[in-house]
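Me: I am new to this structure and would like a close look at one part of it, the sheet, with its surroundings. Please take me through it in one connected answer.

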Amino acid sequence: MEQNGRSTALEQSGAVSLSEGMAELTARVTACRACQRLVQWREQVGLEKRRVFRDQEYWARPVPGFGDPGAGLLILGLAPAAHGANRTGRVFTGDRSGDWLFAALHRTGFANQPTSTHISDGLTLDGVYITAAVKCAPPDNKPLPQERDFCQPFLIAEMAQLTAVKAILCLGGFAWEQALKLAGSMGHKAGLKPRFGHAAEAEVGPFLLIGSYHPSQQNTFTGRLTEPMLDAVLNRARAYLAEPAVTSDSGGR
Ligand code: SF4
């Protein structure tokens with residue numbers, strides 16, 4: 001099995017047992033330098049650091065997905081945060097958005113603990129896999145269209161490994177758009193383009209897309225997203241996954 005430091009670290013953390021395919025994909029993702037602007041930014045942030053983290057070594061590379069390889073639920077975010085996942089090396093880990101997300105995952109039974117601070121913190125996920133549409137931290141959390149498109153093959157490759165996924169929880173409108181593109185790349189088109197909103201739903205081929213406002217500080221500080229709202233979409237996903245499978249021609253991946 002081809003491995004790099006990242007794959008080995010993930011497995012040694014006890015958080016995940018990577019299949020050979022996922023381990024190879026993780027190795028490819030973490031070695032990627034395709035987007036010159038993002039490579040320069042992620043590494044610059046890792047050198048300059050935030051004062052409170054000045055004693056830590058930043059990951060400063062692309063951040064692969066994390067979670068249960070047999071998950072029925074995929075949670076899709078936008079991109080790593082500069083001083084969050086770009087520092088810790090694990091998606092959503094080490095920032096305020098992650099604090100909200102992992103606490104909600106714990107309340108709804110998807111995570112073994114409510115906190116996520118570093119790669120060896122003991123966090124495990126059950127039934128859920130989390131990834132970002134763009135694997136490198138972008139300036140101002142805004143990837144360019146070309147960067148988004150360069151990174152999409154990694155998301156498609158992740159999805160190919162996650163064969164049990166039936167529901168995709170999209171954190172924000174950007175993730176919603178990328179989930180629609182992802183399904184489209186697999187030959188599944190929505191009829192009328194579904195609009196993003198909190199708790200919006202769209203059946204696209206074999207997938208149920210569920211929208212959620214992103215647990216960014218902007219949304220959580222203002223009350224646009226509350227803990228009950230986030231719990232509700234996770235519980236909706238869990239209920240959907242518990243429904244008996246419908247066998248039809250559109251049910252295949
Ligand atoms: S954003 Fe994606 S394609 Fe661009 S450098 Fe990072 S991993 Fe590579």
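Reply: T30 is a starting point outside the sheet: this residue belongs to helix α2, which covers residues 20-30. The model is predicted. T30 counts as partly exposed, because 18 C-beta neighbours lie inside 10 Å, where a buried residue would need 20 or more. In sequence T30 and P62 are 32 residues apart, yet their C-alpha atoms are 4.9 Å apart in space.

P62 leads to the ligand. Around the ligand there are 15 residues, and P62 is among those that come nearest, together with C32, C35, C136 and C151. Two elements, α3 (36-48) and α6 (145-161), each give two or more residues to this shell. The largest share, four residues, comes from α6. By class, twelve residues of the shell are nonpolar and three are charged, with no polar ones.

Now the sheet itself. The chain has nine helices and six strands. An open sheet of six strands is arranged in the order β1-β3-β2-β4-β6-β5, and the pairing is mixed. β1 (66-67) and β5 (201-204) are the edge strands; each has a single partner strand, so one side of each has no neighbour in the sheet. In general, strands of a sheet pair through backbone hydrogen bonds, in either the parallel or the antiparallel sense.

Starting from the β1 edge, β1 pairs with β3 in the antiparallel sense over two bridges. F66 stands opposite I130 of β3. On its other pairing, β3 (residues 128-132) runs parallel to β2 (residues 73-77), and five bridges join the two. L73 has V128 in β3 as its bridge partner, and L76 stands opposite T131.

β3 is mostly covered, with five of its five residues buried. This holds for both faces: V128, I130 and A132 are buried on one side, and Y129 and T131 are buried on the other.

At the other edge, β5 pairs with β6 in the antiparallel sense over four bridges. These two strands form a hairpin with two residues between them, and G205 in the turn has a positive phi of about 55°. The bridge partner of A202 in β6 is L209. The side chains of β5 alternate: A202 and V204 point to one face and are buried, while E201 and E203 point to the other and are not.

A helix lies over part of this sheet. Helix α9 (residues 227-242) lies across β2, β4 (167-171) and β6 (207-212), and runs at about 170° to β6.

The nonpolar core comes next. In soluble globular proteins, nonpolar side chains tend to be buried together. Here the largest nonpolar core has 70 residues, of which A133, I168, L169, C170 and A179 touch the most other members. Helix α7 (residues 173-185) gives the most to this core, with seven residues. Leaving aside residues up to four places away in sequence, A179 touches L76, I168, C170 and L209. Two of these have already appeared in the sheet: L76, opposite T131, and L209, the partner of A202.

Over the whole chain of 253 residues, 45% count as buried. Of the contacts between residues at least 6 apart in sequence, 65% join residues at least 24 apart.

How values were computed
Residues numbered from 1 in each chain as written. Predicted model: local features only at pLDDT ≥ 70, side-chain atom pairs only at ≥ 80, totals over all residues. Near = placed C-beta within 6 Å. Nonpolar A, V, L, I, M, F, W, Y, C, P; charged D, E, K, R; others polar. Core = buried A, V, L, I, M, F, W, Y, C linked by C-beta atoms within 7 Å. Buried ≥ 20, exposed ≤ 12 C-beta atoms within 10 Å, placed from the backbone. Contact = placed C-beta atoms within 7 Å. Pairing = 2+ DSSP bridges. Axes fitted to C-alpha atoms, helices over the stretch in contact; angles between N-to-C directions.
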